[in-house]
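Trainee: I would like a close look at one part of this model, namely the aromatic pairs of one chain and the segments that carry them. Please take it slowly and keep the reasoning explicit.

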Amino acid sequence: MSRIKQVTDNAKLNNRKLLIPYLVSGDPNLASTLSLMHGLVKAGADIIELGIPFSDPSSDGAVIQRGVERALAKGTQLKDVMSLVRQFREKDESTPIVLMGYLNPIEYMGYESFAALAADSGVDGVLIVDMPPVESGELHGILKSAGIDTIYLVAPTTREARLQSICGLSSGYLYYVSLKGVTGAAISDYGEIEANISRLRAYTQQPIVVGFGIKDADSAKAMAAISDGVIIGSALVDKIALLADQDSQDNADIVRTTEIIGLARKAINDLI
Amino acid sequence: MSEQESSQSQFDGPDLSGHFGPYGGTFVGETLIAAVEELAEIYGKLSKDEDFWREYDYELKHYVGRPSPLYFAERLTAAAGGAQVYLKREDLNHTGAHKINNTIGQALIAKRMGKPRIIAETGAGQHGVASATVAARLGLECHVYMGADDIVRQAPNVYRMKLLGANVISVDSGSSTLKDAMNEALRDWATNVDNTYYIIGTAAGPHPYPQLVRDFQCVIGREAREQSLEQIGRLPDALVACVGGGSNAIGLFHPFLEDEEVAMYGVEAGGLGIDSGKHAAPLSVGKPGVLHGNRTYLMSDEGGQILETHSVSAGLDYPGVGPEHSWLKDIKRVNYVSANDEEALAAFHQLTRLEGIIPALESSHAVAYGMELAATMKSDQNIVINLSGRGDKDIETVAKIEGIEL
C-alpha cells in the first residue's frame, strides 16, 4: 500500500482531517527546508507538498513567487529536490511527500528519468500545475508504473462533464482549488465551495482536500469542516520568508515558523 | 477563406486537441481549462461564420487600412545585387505594425462572447498599443501587463496606451520583461475569468491561441500571394520574416506552405551573437519544453529554468516561440536562421537611407537576413521580406546605442 493511501485510510478510520503544508524546496536553502519538513511533521502535518522551483510560476501569487525566487537564487534544481527527499527519508519513513510544480523542469529531465529518480528518492505523489488531464497521458502512465500517485486539481470553473474523468484519474487525493485566482488569494464564498465538494463526492471515494487561500487556523477549520482536509501554502511560505539564510536553523526558529501548522492542527482537531 | 485553406492539407493543423505534431497543446492550470475550452468551441464556430469574417474584413479595410502594399524596393534590390526585393508593408497599418490584424479579430471575439474587460501582455508595447486601440474602438475596458524594465525602455508606447484609455500595469517579478508580463496576465485571467478576455499577442499560448492568432495574421500571406501573382506574374522564390513569438512570420508563411517552390526563412534575434548566449533564438539553439500553455522550443537551462533573453528589439525578446514554428522547423518546411543586433541595426539604416522607410528593429532582422539572401540569388528571382512594423518607436533606442542625444 502506498504511503499516501496508508495515511489517508488511517485518517478516515480515525475521523482525522488531513493537514498538508506546502513549502518551496531550497527556500531559503536546502538544509533549512529539510529542518522545516521535520518541524512540520512534528507540528501535525500528515502529508508534505514540496514545491519544485520554476522560473515562471504562472499559477502562483506573489508570496510563493518570492519563495521560488529565493530558491532559484540559490540554484535549486529538480535534482536537488530529489536529494532533499532522500535525506528526509533517512529520518522519516512514513510521511508522504508530494512534489508540486510546473512541467518544464520535468520535461528537461525526461519523464522516465524523473519517475525513476522520484521513486528511488522516496517521493509518493506528483502534482503538476500546468499539466491538465488532457496533456498528462504519457507522464501519468510512467509515474503509475513507478508506483507514484498523480494528483489532479479541480477548480470552481471545472465543467461538470470533466469532473468524472478527473476524479477517475487522480490518485492519492483530489485537490480542490477554493477560488478563481492564484495561490494566496482571498476566499470569498464557503457556501459555493461546500456545494462543489458535495458534487464531487458523487464521483470519487478519494479524500478531497482544499487549497488556495487558507491563511490561518480559523480558515483551516472552516474549510476542513466541509472537506477531508486542507493545504496551507502561502501563509507558511510567508513565515519562511522571515528565516535567515543560514545552513543551520535554531530549533526555536523552526518551531516559530511552523507554528501556523500546529495551530491549524489544533483548530481542525477541535472539529471532532 | 481562400481555396488554399479549405482543401485538405498537412498544414491544416492543429489537430482537434491543439497539437502541431508534438508541439502546442493546452498546458494551463485547471482554473483556466474551462476558459480555453470555451474559446476553442466559440472560435470553432466563428471560424466558419461568414458574418464574423465579413465584420473582420470590414474593420481591416476601413480601420486598419488594408490591403497593405507589396512594394518593390528598387534601390535595395540594386544594393543587394541579386534577387528582386519586395517589402510587404505591414508598417503602413493603423498603429504601425501587423499586431492590429490580430487584436481586431480577438476583440471581435471578446465582444461576441460578451466579455467587457480585455487584458494583454506586451514587451515593446506594440501589442499593448494595438490592444488598447481596439479596446477604445469597441468600448472595452483594457488592462495591459508590461515588464517594469520594458516600461522604462518604451516610455512613448506606455503613454500611448494611457492616452487610449488603457491601464498599464507594471510587472516586477522574475526578469521584469515580456515573459513575466505574460505570467501576470495569466494570473489576472485566472482571477477574473468570468468577465475577462485575454488577447494574446503572438501565435503562442494554449490552444486555440496559436491557431486563431495565425488565422488573423494570414491576411498578410493571402494578400502577398495575390499581389505577387498580380505584380510579378508568379509566386516569389523566397519569403523572409522575423520571428519572436512568430505571428507575423506565420501570417506570411502559412498561405504559401503548400507551394513547394517557395522557400521560407524565419529570422530569430541573434542578440550579441548566438555563441555569446545573449540572444533570443530558441529555434536556432533551444530545446523543446513547456511554457505559457504550449510545448515548443524554449531557451532554458539544463534544469528547465527559463533563461533571460537579449535582443536590441524588445519585440523579439522572448524565450519561446509559437508551436507551429517548432513543427515547421522539425519537418524542415521553414528554415530558421538568425541576425544579430549589429546586423539588424545596419539593415535599419540601410532601408531608411535607400528607400525612405524607417523599419522597426524587429523587422530590421528580416531585412538584414533578406538582403544577405537576395545577394546569393539570381536577378530573375524574387524575394518578399515582411516589413512587420515601422520604426518610429525605435529611434530613441537607436540614437542611444549610437551615443546621440535627442
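Are B:Tyr198 and B:Tyr209 buried or exposed?

Mentor: This is a predicted model, so everything that follows is read from computed coordinates. B:Tyr198 and B:Tyr209 are both buried, and to see how they are placed it helps to begin with the aromatic pairs as a group. Over all chains, the structure holds 15 such pairs. One of them joins B:Phe11 and B:Trp327, whose ring centres are 6.0 Å apart and whose planes stand at 65 degrees, an edge-to-face arrangement. Because B:Phe11 belongs to the loop between α1 (3-6) and β1 (19-20) of chain B while B:Trp327 sits in helix α13 (residues 323-330) of that chain, this pair ties together parts that are 316 residues apart in sequence. B:Phe11 and B:Trp327 are buried as well.

The pair you asked about has another geometry: the ring centres of B:Tyr198 and B:Tyr209 lie 6.3 Å apart with 55 degrees between the planes, so this pair is tilted. The label follows because an angle from 30 to 60 degrees is neither stacked nor edge-to-face. B:Tyr198 is in strand β8 (residues 196-199) of chain B and B:Tyr209 is in helix α10 (residues 209-231), so here the parts tied together are 11 residues apart in sequence.

Helix α10 of chain B deserves a closer reading at two further positions. B:Val219 is located in this helix, and its relative accessibility is 8%, so B:Val219 falls under the 20% limit and counts as buried. Leaving out residues up to four places away in sequence, B:Val219 touches B:Tyr56, B:Leu60, B:Arg66 and B:Asn101. For B:Arg66 there is also a backbone figure: the C-alpha atoms of B:Val219 and B:Arg66 are separated by 9.2 Å, although these positions lie 153 residues apart along the chain. B:Arg66 itself is joined to B:Pro67 by a cis peptide bond with omega at about 0 degrees, and B:Pro67 belongs to the loop between α3 (50-64) and β3 (70-72) of chain B. B:Tyr56, another contact of B:Val219, belongs to one aromatic cluster together with B:Tyr43, B:Phe52, B:Trp53 and B:Phe216.

The second position in α10 of chain B is B:Gln231. With a relative accessible area of 40%, B:Gln231 is partly exposed, because that value lies between the limits of 20% and 50%. Beyond its neighbours within four places in sequence, B:Gln231 is in contact with B:Leu70 and B:Tyr86. The C-alpha atoms of B:Gln231 and B:Ser379, which are 148 residues apart along the chain, are separated by 16 Å.

Returning to the edge-to-face pair, both of its segments can be described further. Helix α13(B) is mostly covered, with 6 of its 8 residues buried; among them are B:Pro323, B:Glu324, B:His325 and B:Leu328, besides B:Trp327. After the helix comes B:Lys332, which has a positive phi near 65 degrees. The loop between α1 and β1 of chain B, which contains B:Phe11, also holds B:Pro14, and a cis peptide bond with omega at about 10 degrees joins B:Gly13 to B:Pro14.

These backbone values stand out for a general reason: most residues other than glycine have a negative phi, and most peptide bonds are trans. Two other loops of chain B supply further cases. B:Thr95, in the loop between β4 (84-89) and α5 (99-113), is not a glycine, yet its phi is positive at about 75 degrees, and at 18% relative accessibility it counts as buried. B:Ser176 lies in the loop between β7 (167-171) and α9 (178-191); its phi is near 55 degrees, again positive in a residue other than glycine, and its relative accessible area of 9% makes it buried.

A last loop residue to examine is B:His279, found between β10 (263-271) and α12 (282-285) of chain B. B:His279 counts as buried at 4% relative accessibility. Apart from residues up to four places away in sequence, its contacts include B:Ala269, B:Ile274, B:Val285, B:Met299, B:Thr309 and B:His310.

Key: Residues are numbered from 1 along each chain as its sequence is written. Chains are lettered from A and ligands numbered from 1 in the order in which they are written. This is a predicted model: local features need pLDDT of at least 70, side-chain atom pairs count only at pLDDT 80 or more; totals for chains, interfaces and linings use all residues. Side-chain values use heavy atoms; hydrogens and water are left out. Rings of Phe, Tyr and Trp (its six-membered ring) pair if their centres lie within 6.5 Å; planes under 30 degrees apart count as stacked, over 60 as edge-to-face and the rest as tilted. Helices (H or I, at least four residues) and strands (E, at least two) are DSSP runs, numbered from the N terminus. Buried means under 20% relative accessible area, exposed over 50%, partly exposed in between (1.4 Å probe, protein chains only). Contact means heavy atoms within 4.5 Å.
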